[in-house]
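Work through the exercises below with the model open. Try each task before you read its solution.

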Amino acid sequence: MDVTRMQKHGKIYNTRDLLKAEVVDLESGSVLGTVIEAILSTRKATVEFLGVLPVEWHKTGLLLRTGDIVGFDESVILIPSAERLVSYTEKQIKKDFVSYSELNRHTLIDQKGQVYGNPVGVIFNQSGRIIALEAEKDLVVRMVTLSGIVAVGPRYTVVNVGPETRLEAKPAQPPAGKEAPDPVILQAAAGEVVEEAKDDSGNGEDEPSSPLYRERQIRYMLGKPSPVTLNGRSGTPVVTSGETISSAVINRLIEEGLLSQLFIALTVDRDHLAGGDTEPGQS
(Lines give C-alpha, C1' and ligand atoms only; values in the text may rest on other atoms or scores of the structure.)
Protein backbone atom coordinates (compact mmCIF):
# COMPACT_ATOMS: atom_id res chain seq x y z
CA MET A 1 0.00 0.00 0.00
CA ASP A 2 1.49 3.32 -1.12
CA VAL A 3 0.45 5.59 1.76
CA THR A 4 2.12 8.68 0.27
CA ARG A 5 0.17 8.36 -2.96
CA MET A 6 -3.06 7.72 -1.07
CA GLN A 7 -2.59 10.90 0.97
CA LYS A 8 -1.76 12.95 -2.15
CA HIS A 9 -4.91 11.99 -4.00
CA GLY A 10 -7.19 11.55 -1.01
CA LYS A 11 -9.39 8.59 -0.20
CA ILE A 12 -13.08 7.89 -0.54
CA TYR A 13 -14.68 5.83 2.24
CA ASN A 14 -18.01 4.06 2.63
CA THR A 15 -19.42 3.30 6.07
CA ARG A 16 -20.56 -0.11 4.78
CA ASP A 17 -16.91 -1.02 4.23
CA LEU A 18 -15.60 0.56 7.43
CA LEU A 19 -18.00 -1.04 9.90
CA LYS A 20 -16.36 -4.09 11.54
CA ALA A 21 -12.96 -3.07 10.14
CA GLU A 22 -9.94 -3.44 12.42
CA VAL A 23 -8.08 -0.29 13.49
CA VAL A 24 -4.32 -0.79 13.29
CA ASP A 25 -1.60 1.36 14.85
CA LEU A 26 1.16 2.05 12.29
CA GLU A 27 3.74 2.63 15.04
CA SER A 28 3.40 -0.80 16.61
CA GLY A 29 1.37 -2.81 14.10
CA SER A 30 -1.10 -3.65 16.87
CA VAL A 31 -4.84 -4.03 16.42
CA LEU A 32 -6.45 -1.42 18.67
CA GLY A 33 -10.10 -2.24 18.15
CA THR A 34 -12.98 -2.68 15.72
CA VAL A 35 -15.19 -0.02 14.14
CA ILE A 36 -18.79 -0.40 15.30
CA GLU A 37 -20.32 3.00 14.53
CA ALA A 38 -19.99 6.24 12.57
CA ILE A 39 -21.05 9.64 13.93
CA LEU A 40 -22.27 12.31 11.52
CA SER A 41 -22.71 16.06 11.83
CA THR A 42 -26.00 17.03 10.17
CA ARG A 43 -25.08 20.73 10.22
CA LYS A 44 -21.80 20.28 8.34
CA ALA A 45 -22.84 17.14 6.40
CA THR A 46 -19.69 15.37 7.54
CA VAL A 47 -18.67 12.10 9.16
CA GLU A 48 -16.93 13.39 12.27
CA PHE A 49 -15.97 10.21 14.16
CA LEU A 50 -15.82 6.47 13.93
CA GLY A 51 -16.83 4.66 17.09
CA VAL A 52 -14.28 1.96 18.00
CA LEU A 53 -14.75 -1.00 20.32
CA PRO A 54 -11.32 -1.53 21.94
CA VAL A 55 -9.61 -4.91 22.01
CA GLU A 56 -9.46 -4.79 25.81
CA TRP A 57 -13.05 -5.56 26.80
CA HIS A 58 -12.82 -3.61 30.06
CA LYS A 59 -12.01 -0.29 28.36
CA THR A 60 -14.64 2.29 27.45
CA GLY A 61 -15.56 3.01 23.85
CA LEU A 62 -13.15 5.04 21.73
CA LEU A 63 -13.57 7.70 19.07
CA LEU A 64 -11.44 8.19 15.95
CA ARG A 65 -11.62 11.39 13.95
CA THR A 66 -12.06 10.56 10.28
CA GLY A 67 -9.28 13.01 9.42
CA ASP A 68 -6.83 10.78 11.34
CA ILE A 69 -7.31 7.84 8.98
CA VAL A 70 -4.12 7.24 6.98
CA GLY A 71 -5.59 4.57 4.75
CA PHE A 72 -8.06 1.73 4.45
CA ASP A 73 -7.65 -1.57 2.67
CA GLU A 74 -8.94 -5.12 3.08
CA SER A 75 -11.00 -4.34 6.20
CA VAL A 76 -8.04 -2.64 7.94
CA ILE A 77 -8.00 1.02 8.95
CA LEU A 78 -4.54 2.49 9.42
CA ILE A 79 -3.92 5.32 11.89
CA PRO A 80 -0.58 6.99 12.78
CA SER A 81 -0.61 5.99 16.45
CA ALA A 82 -2.83 4.78 19.27
CA GLU A 83 -2.86 8.32 20.66
CA ARG A 84 -5.30 9.34 17.90
CA LEU A 85 -8.01 7.29 19.63
CA VAL A 86 -9.74 9.21 22.41
CA SER A 87 -12.14 7.96 25.05
CA TYR A 88 -15.80 8.55 24.39
CA THR A 89 -17.33 11.38 26.40
CA GLU A 90 -20.74 12.97 26.11
CA LYS A 91 -19.15 16.42 25.74
CA GLN A 92 -17.77 15.41 22.36
CA ILE A 93 -21.22 14.53 21.03
CA LYS A 94 -22.94 17.75 19.95
CA LYS A 95 -26.63 18.41 19.37
CA ASP A 96 -26.32 18.17 15.59
CA PHE A 97 -24.62 14.76 15.71
CA VAL A 98 -26.43 11.59 14.66
CA SER A 99 -25.18 8.01 14.56
CA TYR A 100 -25.06 6.01 11.35
CA SER A 101 -27.16 3.24 12.89
CA GLU A 102 -29.86 5.81 13.75
CA LEU A 103 -29.73 7.29 10.25
CA ASN A 104 -30.06 3.80 8.81
CA ARG A 105 -33.49 3.44 10.45
CA HIS A 106 -34.90 6.56 8.75
CA THR A 107 -36.43 6.96 5.31
CA LEU A 108 -34.47 9.34 3.10
CA ILE A 109 -36.49 12.06 1.36
CA ASP A 110 -35.73 15.40 -0.27
CA GLN A 111 -37.54 18.72 0.12
CA LYS A 112 -39.67 18.01 -2.96
CA GLY A 113 -41.04 14.84 -1.39
CA GLN A 114 -39.03 12.34 -3.43
CA VAL A 115 -38.57 9.13 -1.44
CA TYR A 116 -35.15 7.46 -1.85
CA GLY A 117 -35.43 4.61 0.63
CA ASN A 118 -33.37 3.71 3.68
CA PRO A 119 -29.68 4.74 3.84
CA VAL A 120 -27.36 1.73 3.73
CA GLY A 121 -24.05 3.53 3.20
CA VAL A 122 -22.48 6.96 3.69
CA ILE A 123 -19.74 7.85 1.21
CA PHE A 124 -17.30 10.52 2.37
CA ASN A 125 -13.87 11.91 1.55
CA GLN A 126 -10.71 12.10 3.65
CA SER A 127 -11.77 15.32 5.36
CA GLY A 128 -15.06 13.69 6.40
CA ARG A 129 -17.29 15.58 3.95
CA ILE A 130 -20.23 13.43 2.83
CA ILE A 131 -20.31 13.06 -0.96
CA ALA A 132 -23.25 10.71 -1.33
CA LEU A 133 -25.59 8.31 0.42
CA GLU A 134 -26.47 4.82 -0.71
CA ALA A 135 -30.20 4.28 -0.31
CA GLU A 136 -32.13 1.02 -0.69
CA LYS A 137 -35.65 1.02 -2.08
CA ASP A 138 -37.50 -1.97 -3.54
CA LEU A 139 -34.34 -4.10 -3.18
CA VAL A 140 -32.37 -1.71 -5.39
CA VAL A 141 -29.48 0.34 -3.98
CA ARG A 142 -29.11 3.76 -5.60
CA MET A 143 -26.53 6.51 -5.19
CA VAL A 144 -27.90 9.83 -3.88
CA THR A 145 -25.40 12.67 -4.15
CA LEU A 146 -25.64 15.05 -1.23
CA SER A 147 -25.41 18.81 -1.00
CA GLY A 148 -26.73 19.12 2.55
CA ILE A 149 -28.77 17.56 5.36
CA VAL A 150 -31.88 19.59 6.21
CA ALA A 151 -33.30 17.68 9.16
CA VAL A 152 -33.32 14.33 10.95
CA GLY A 153 -36.72 13.55 12.39
CA PRO A 154 -38.16 10.55 14.23
CA ARG A 155 -38.87 8.68 10.97
CA TYR A 156 -37.43 10.69 8.08
CA THR A 157 -34.15 12.30 7.09
CA VAL A 158 -34.63 15.30 4.79
CA VAL A 159 -31.73 16.16 2.46
CA ASN A 160 -30.77 18.46 -0.36
CA VAL A 161 -29.56 16.28 -3.20
CA GLY A 162 -26.84 17.09 -5.71
CA PRO A 163 -27.59 17.65 -9.42
CA GLU A 164 -26.06 14.28 -10.36
CA THR A 165 -28.77 12.27 -8.55
CA ARG A 166 -31.04 10.73 -11.19
CA LEU A 167 -33.26 8.38 -9.24
CA GLU A 168 -35.83 8.07 -12.01
CA ALA A 169 -33.27 6.03 -13.96
CA LYS A 170 -33.30 2.26 -13.43
CA PRO A 171 -30.10 0.36 -12.52
CA ALA A 172 -29.52 -0.22 -16.25
CA GLN A 173 -27.81 2.88 -17.62
CA PRO A 174 -28.93 4.79 -20.75
CA PRO A 175 -27.23 3.95 -24.08
CA ALA A 176 -23.80 5.45 -24.74
CA GLY A 177 -23.97 9.05 -25.81
CA LYS A 178 -27.55 9.64 -24.64
CA GLU A 179 -26.68 11.27 -21.32
CA ALA A 180 -25.34 14.81 -21.48
CA PRO A 181 -22.56 15.31 -18.90
CA ASP A 182 -22.27 18.40 -16.75
CA PRO A 183 -20.06 20.93 -18.62
CA VAL A 184 -18.19 21.73 -15.42
CA ILE A 185 -17.31 18.05 -15.09
CA LEU A 186 -16.02 18.01 -18.66
CA GLN A 187 -13.68 20.89 -17.81
CA ALA A 188 -12.49 18.90 -14.82
CA ALA A 189 -11.56 15.93 -16.99
CA ALA A 190 -9.56 18.04 -19.38
CA GLY A 191 -7.41 19.44 -16.58
CA GLU A 192 -7.04 16.39 -14.40
CA VAL A 193 -5.94 13.89 -17.03
CA VAL A 194 -2.88 16.05 -17.68
CA GLU A 195 -2.03 16.23 -13.97
CA GLU A 196 -2.24 12.47 -13.51
CA ALA A 197 -0.12 11.85 -16.59
CA LYS A 198 2.56 14.15 -15.15
CA ASP A 199 2.43 12.36 -11.83
CA ASP A 200 2.88 8.93 -13.45
CA SER A 201 5.95 10.10 -15.39
CA GLY A 202 7.63 11.51 -12.28
CA ASN A 203 7.22 15.15 -13.37
CA GLY A 204 5.05 17.75 -11.69
CA GLU A 205 4.89 15.84 -8.42
CA ASP A 206 3.93 19.04 -6.61
CA GLU A 207 1.28 20.03 -9.17
CA PRO A 208 -1.91 20.40 -7.05
CA SER A 209 -5.14 18.83 -8.34
CA SER A 210 -8.43 20.60 -7.71
CA PRO A 211 -10.41 18.97 -4.88
CA LEU A 212 -13.62 20.44 -6.33
CA TYR A 213 -13.00 18.90 -9.77
CA ARG A 214 -12.05 15.57 -8.25
CA GLU A 215 -15.16 15.51 -6.10
CA ARG A 216 -17.46 16.36 -9.02
CA GLN A 217 -15.88 13.62 -11.08
CA ILE A 218 -16.43 11.08 -8.31
CA ARG A 219 -20.03 12.15 -7.79
CA TYR A 220 -20.72 11.70 -11.49
CA MET A 221 -19.07 8.28 -11.71
CA LEU A 222 -20.41 6.60 -8.57
CA GLY A 223 -23.05 3.98 -9.27
CA LYS A 224 -22.54 3.87 -13.05
CA PRO A 225 -21.34 0.77 -14.94
CA SER A 226 -17.84 1.01 -16.38
CA PRO A 227 -17.89 1.14 -20.20
CA VAL A 228 -14.34 -0.25 -20.40
CA THR A 229 -11.83 -2.55 -18.74
CA LEU A 230 -8.74 -0.79 -17.41
CA ASN A 231 -5.63 -2.66 -16.29
CA GLY A 232 -3.26 -1.56 -13.52
CA ARG A 233 0.52 -1.47 -13.62
CA SER A 234 0.68 -5.18 -12.85
CA GLY A 235 -1.59 -6.02 -15.76
CA THR A 236 -4.47 -7.00 -13.46
CA PRO A 237 -7.84 -5.34 -14.22
CA VAL A 238 -8.60 -2.47 -11.87
CA VAL A 239 -12.14 -2.22 -13.22
CA THR A 240 -13.89 -4.43 -15.77
CA SER A 241 -16.45 -3.50 -18.40
CA GLY A 242 -19.94 -3.48 -16.89
CA GLU A 243 -18.69 -3.39 -13.29
CA THR A 244 -20.53 -0.91 -11.05
CA ILE A 245 -18.26 1.98 -10.08
CA SER A 246 -18.26 1.89 -6.28
CA SER A 247 -16.14 3.74 -3.72
CA ALA A 248 -13.75 0.76 -3.64
CA VAL A 249 -13.33 0.95 -7.43
CA ILE A 250 -12.74 4.71 -7.20
CA ASN A 251 -9.96 4.14 -4.67
CA ARG A 252 -8.25 1.56 -6.89
CA LEU A 253 -8.44 3.90 -9.87
CA ILE A 254 -6.91 6.75 -7.87
CA GLU A 255 -4.05 4.57 -6.66
CA GLU A 256 -3.32 3.42 -10.23
CA GLY A 257 -3.68 6.92 -11.73
CA LEU A 258 -6.60 5.79 -13.92
CA LEU A 259 -9.47 7.87 -12.55
CA SER A 260 -9.51 10.37 -15.41
CA GLN A 261 -9.26 7.68 -18.07
CA LEU A 262 -12.43 6.02 -16.86
CA PHE A 263 -14.11 9.38 -16.45
CA ILE A 264 -13.35 10.31 -20.05
CA ALA A 265 -14.61 6.91 -21.20
CA LEU A 266 -17.90 7.69 -19.43
CA THR A 267 -18.28 11.20 -20.84
CA VAL A 268 -16.06 12.86 -23.43
CA ASP A 269 -14.65 9.98 -25.44
CA ARG A 270 -16.80 6.86 -25.08
CA ASP A 271 -15.63 5.33 -28.36
CA HIS A 272 -11.90 5.95 -27.93
CA LEU A 273 -11.38 3.60 -24.99
CA ALA A 274 -12.87 0.23 -25.80
CA GLY A 275 -12.29 -3.36 -24.80
CA GLY A 276 -9.68 -4.57 -22.34
CA ASP A 277 -6.48 -3.56 -24.09
CA THR A 278 -6.11 -0.11 -22.56
CA GLU A 279 -2.71 0.36 -20.96
CA PRO A 280 -2.20 2.51 -17.86
CA GLY A 281 -1.27 6.09 -18.61
CA GLN A 282 -2.67 6.03 -22.17
CA SER A 283 -5.69 8.01 -23.28
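**Exercise 1. Strand pairing around β11**

How many bridges join β11 to strand β12 (residues 130-137), and in which sense do the two run?

Solution. First, the ground rules. This is a predicted model, in which local features need pLDDT of at least 70, side-chain atom pairs count only at pLDDT 80 or more, and totals for chains, interfaces and linings use all residues. Residues are numbered from 1 along each chain as its sequence is written, and side-chain values use heavy atoms, with hydrogens and water left out.

Step 1. Fix the terms. Helices (H or I, at least four residues) and strands (E, at least two) are DSSP runs, numbered from the N terminus. Two strands pair if DSSP finds at least two bridges between them.

Step 2. Read off the pairing. β11 and β12 are joined by six bridges and run antiparallel. Within this pairing, G121 has E134 as its bridge partner.

Step 3. Check the turn. Four residues separate β11 and β12 in a hairpin, and G128 in the turn has a positive phi of about 100°.

**Exercise 2. Other partners of β11**

Find the strands β1 and β10 and describe how each meets β11.

Solution. Step 1. Strand β1 (residues 12-14) pairs with β11 in the antiparallel sense, over three bridges. N14 is matched with I123 of β11.

Step 2. Strand β10 (residues 107-110) is joined to β11 by two bridges, again antiparallel. Here I109 stands opposite V115. This is a hairpin too, with four residues between the strands, and G113 in its turn has a positive phi of about 95°.

Step 3. Assess cover. Buried means under 20% relative accessible area, exposed over 50%, partly exposed in between (1.4 Å probe, protein chains only). In β11 (residues 115-125), nine of the 11 residues are buried.

**Exercise 3. Salt bridges of helix α6**

Which residues meet E255 and E256 in salt bridges?

Solution. Step 1. Apply the rule: a side-chain nitrogen of Lys or Arg within 4 Å of a carboxyl oxygen of Asp or Glu. The structure holds seven such salt bridges.

Step 2. Take E255. Its side chain meets K11 at 3.2 Å, N to O. E255 lies in helix α6 and K11 in the loop between α1 (3-9) and β1, so the pair ties together parts 244 residues apart in sequence. E255 is partly exposed, at 30% relative accessibility. K11 is buried, at 4%.

Step 3. Take E256. Its side chain meets R233 at 2.8 Å, N to O. R233 sits in the loop between β15 (230-231) and β16 (237-239), 23 residues from E256 in sequence.

Step 4. Look at the rest of α6 (residues 247-256). Its buried residues include V249, I250, L253 and I254. Just after the helix, G257 takes a positive phi of about 70°.

**Exercise 4. Aromatic pairs**

How many aromatic pairs does the rule give?

Solution. Step 1. Rings of Phe, Tyr and Trp (its six-membered ring) pair if their centres lie within 6.5 Å; planes under 30 degrees apart are stacked, over 60 edge-to-face, the rest tilted. The count is three.

Step 2. Y13 and F124 have ring centres 5.5 Å apart and planes at 45°, so the pair is tilted. Y13 is in strand β1 and F124 in strand β11, 111 residues apart. Y13 is buried at 1% relative accessibility, and F124 is buried at 0%.

Step 3. Y220 and F263 are edge-to-face, 5.9 Å centre to centre with 75° between the planes. Both Y220 and F263 are buried.
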